[in-house]
Amino acid sequence: MISTGRRALRLAAVMLPTLTLTTVLAPSTPASAAGPSCGSRYALRSTHSIYVNSTVRGYLKVYYNSSNGYNCALAIRRGSTSLYSIKLKLCVYNAARTKYGNCKYDGYSKRNHWYSGPLYVYARHRCLYVKASINTNGSNTGEVTGKKVHCG
């Protein structure tokens with residue numbers, strides 16, 4: 001488009017900022033590298049450390065979507081060391097907060113090495129029971145259990 005007249009130059013001038021802007025805003029890492037997520041409408045409600053032999057080896061994260069009443073939980077390893085397995089359990093308490101049910105599980109039938117979840121349960125005006133465990137080598141396990149978590 002070098003010598004086709006004034007119109008070609010104007011078109012090139014209009015397109016150039018668009019191409020530059022797209023190049024600048026392009027992500028530097030692939031979307032899959034971002035890690036597990038509950039979704040953009042879920043707000044973080046709590047984070048709990050999972051210890052194995054007095055060392056934090058992962059986190060249990062609980063999220064809530066106020067527009068639809070669903071909760072989400074993720075168990076995520078910390079650091080780059082490989083782990084044997086990560087398990088996650090998410091349940092809903094009854095209205096009296098005396099027992100829980102409607103449980104969802106991840107990592108119990110397979111070995112998850114980096115994270116478990118996301119698990120979703122509807123729990124508007126209810127409390128959650130959450131349990132996450134990390135096994136580092138087949139014998140050393142750490143877990144965190146949250147009873148009556150995020151009552152909302």
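This section describes the overall make-up of a predicted model, its disulfides and the surroundings of Tyr-64.

The secondary structure of the protein consists of one helix and eight strands. Along the sequence these elements follow the pattern α-β-β-β-β-β-β-β-β. The protein has 152 residues, of which 35% count as buried. Among contacts in the protein with a separation of 6 or more, 54% are between residues 24 or more positions apart. The exposed area of the protein is about 9,500 Å², and carbon and sulfur atoms supply 53% of that area.

A search of the whole structure yielded three disulfides. A disulfide is a covalent bond between the sulfur atoms of two cysteines. When the bonded cysteines of the protein are numbered in sequence order, the pairing reads 1-2, 3-4, 5-6. The three links are described in turn below.

Cys-38 is joined to Cys-72 by a disulfide with an S to S distance of 1.9 Å. The torsion about the S-S bond of this pair is about -75°, and the disulfide of Cys-38 and Cys-72 is therefore left-handed. Because Cys-38 lies in the loop between α1 (6–25) and β1 (43–52), while Cys-72 belongs to strand β3 (residues 70–77), the pair ties together parts that are 34 residues apart in sequence. As for solvent exposure, Cys-38 has a relative accessible area of 8% and is buried. Cys-72 likewise counts as buried, at 0% relative accessibility. Both values fall in the buried class because that class covers relative accessible areas under 20%.

The sulfur atoms of Cys-91 and Cys-103 are 2.1 Å apart and form a disulfide. The angle about the S-S bond is 115°, and the link of Cys-91 and Cys-103 is right-handed. Here the bonded residues are both placed in strands: Cys-91 lies in strand β4 (residues 85–93) and Cys-103 in strand β5 (residues 100–106), so the disulfide ties together parts that are twelve residues apart in sequence. Cys-91 counts as buried at 0% relative accessibility, whereas Cys-103, at 24%, counts as partly exposed.

A further disulfide joins Cys-127 to Cys-151, with an S to S distance of 1.9 Å. The link of Cys-127 and Cys-151 is right-handed, with 115° about the S-S bond. Cys-127 is located in the loop between β6 (115–122) and β7 (128–135), and Cys-151 in the segment after β8 (141–149); the pair therefore ties together parts that are 24 residues apart in sequence. The relative accessible area of Cys-127 is 0%, and the residue is buried. Cys-151, by contrast, has a relative accessibility of 37% and counts as partly exposed.

The surroundings of a residue outside these links were also examined. Tyr-64 is situated in strand β2 (residues 55–65). With a relative accessibility of 7%, Tyr-64 counts as buried. Tyr-64 and Leu-44 are 20 residues apart along the chain, and their C-alpha atoms are separated by 6.6 Å. When residues up to four places away in sequence are not counted, Tyr-64 touches Arg-41, Tyr-42, Ala-43, Arg-45, Gly-69, Tyr-70, Asn-71, Arg-124 and His-150.

Methods:
Residues are numbered from 1 along each chain as its sequence is written. This is a predicted model: local features need pLDDT of at least 70, side-chain atom pairs count only at pLDDT 80 or more; totals for chains, interfaces and linings use all residues. Side-chain values use heavy atoms; hydrogens and water are left out. A disulfide is a pair of cysteine sulfur atoms within 2.5 Å. Helices (H or I, at least four residues) and strands (E, at least two) are DSSP runs, numbered from the N terminus. Buried means under 20% relative accessible area, exposed over 50%, partly exposed in between (1.4 Å probe, protein chains only). Contact means heavy atoms within 4.5 Å. Accessible areas come from the Shrake-Rupley method with a 1.4 Å probe; for residues, only the protein chains shown count as cover.
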